[in-house]
Amino acid sequence: MRVERIIFVMKKSIKIALVSVAILGLGGICVGLYLFNLQAKNLKKAKPDFAITSIDLQKAFEDNEAVSIAKFVNKIIEVTGTIESVKDGEGNITNVALKTGSELSLVICTLSPQSDPAQLVSGNEVTIRGECSGFLMDVLMNNCVVIK
Amino acid sequence: MKRLSFIILLLGLFLTANAQKYITKNGYIGFFSSTPVENIKADNNQVASVIDISTGEVVFQALIKSFKFEKALMEEHFNENYLESEKFPKSTFKGKITNLTAVDFNKQGHYDVTVEGDLTIHDVTNKVTVKGGVDVISGGIDANSKFIIVPEDFKINIPGVVRNSIAKTIEVTVAMKYAPVENK
C-alpha cells in the first residue's frame, strides 16, 4: 500500500516535471520567435529622450561631433524645424530635410514606411520624432514619424 | 569697366566650376543576402555622394546605422556584432569613372560606365571595380549599379550558428539621383 502510494506520487511528480519542462520549452520557443520576428521600432507612441530644434541639433553635431554622438545616437529625438525639402527615396521612402543654421548641413529625416508624407510642404514648420543615426554632412534620423 | 569685366570673369569661372559637380544626400544603397534558410535585405536612403563630371571622380559616404532591416534583431546583430558600427560608423567609397570619354554629360541618355576605387567597410579598404549605368537627364544625373561583395574580404566575421542564414556573397544595389551643386 505504502509502496504503491510512493510510486503514485513519484509518477505524478515526474508528470508535473515533464509538463513544466514542456511549458517552459514552448515559452522559450515563443519568446525566441517573438524576438526573432520583432519588427523595427514604431515610434508613434515612443517617449522621446530629447526635444530640440533642428537648428540646435545640427549646431551640437557641428560644434562637437564626438560628444553629440555619445549624447544623441540611438536616442529618440523629437526635432522641430522648417521643412527645406521633401524627397522620394527608393521604394516608398520619403526623406524630409529640415533647415538649420547652415545651408550645407541640414537635419535629414527618413520617414518610416507607415508615415504619410502628404501633409509635408516645404517652408512649413514640422515636428518629427525619430531615432538619431549620426552625422555625415547632415544630422541623420531614421524610423521617423510626423508628430505635427 | 575693368572691375566689371573682372567680376564677370570671376563669376563665369565660379559657375563653370560649380556646374562640374553633382551631389545627392538622399542616395540609396541596399544589400541583399539570399540563402535557402532566409532572405535578408537592408536599405539606406541617406547616402551622400558627389560626382565631378570633369574628372570622373566619385565619392560615396554612408552611415552603417542608417541601414534599416525589416527585423529589429537582425539590425542589432548587424550593428553590434558584424559591422561594429560604434567603432566604425562610416563606410566610404572613393573612385573614378575609368571610361569617362564614353559619357557625354551634355547629352541626355544612358551610358554604361566602369568605376574603380577604394571601398572601405568595417575599417578595411579594398580595391573594387564595378560596372554601372549613368543616365543624363534634364536637371541632373542618375547613377545605378549592382555588384557583389564578400563579407570576409572586409574582416566581417559571421559566427557558425548563423552561417547558413547569411550568404557568402552579398548583392549591393546603388541608386543615386544627383542634382548640380547649387550656387547659393
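Here is a short conversation about a predicted model, covering the domains and a helix of chain A and a loop of chain B.

Student: How many Å separate the centres of domain 1 and domain 2 of chain A?

Tutor: Good place to start! The domain assignment of chain A places domain 1 at 1–38 and domain 2 at 43–146. Taken over C-alpha atoms, the separation of the two centres is 50 Å.

Student: What span should helix α1 of chain A have, and what is the distance between its end C-alpha atoms?

Tutor: Helix α1 of chain A covers residues 2–37, which makes 36 residues. The rise is taken as 1.5 Å a residue, so the expected span is 52 Å. This agrees with the distance between the end C-alpha atoms, 52 Å.

Student: What is the count of buried residues in α1(A)?

Tutor: A residue needs 20 or more other C-beta atoms within 10 Å to be buried. Helix α1(A) has 36 residues and is hardly covered. Its count of buried residues is 0.

Student: Where is H122(B), and what is its phi?

Tutor: H122(B) sits in the loop between β6 (109–121) and β7 (124–137) of chain B. Although H122(B) is not a glycine, its phi is positive, at about 60 degrees.

Student: Which exposure class does H122(B) fall into?

Tutor: Buried would take 20 or more neighbours. H122(B) has 19 C-beta neighbours inside 10 Å, so its class is partly exposed.

Student: And what about D123(B): what is its phi, and what is its exposure class?

Tutor: D123(B) also lies in the loop between β6 and β7 of chain B. Its phi is positive in a residue other than glycine, near 65 degrees. Exposed would require 12 or fewer neighbours. D123(B) has 13 other C-beta atoms within 10 Å, so this residue is partly exposed.

Technical notes:
Residues numbered from 1 in each chain as written. Chains lettered and ligands numbered in written order. Predicted model: local features only at pLDDT ≥ 70, side-chain atom pairs only at ≥ 80, totals over all residues. Domains from an automatic or database assignment. Helix = DSSP H or I, 4+ residues; strand = E, 2+ residues; numbered from the N terminus. Expected span 1.5 Å × (residues − 1).
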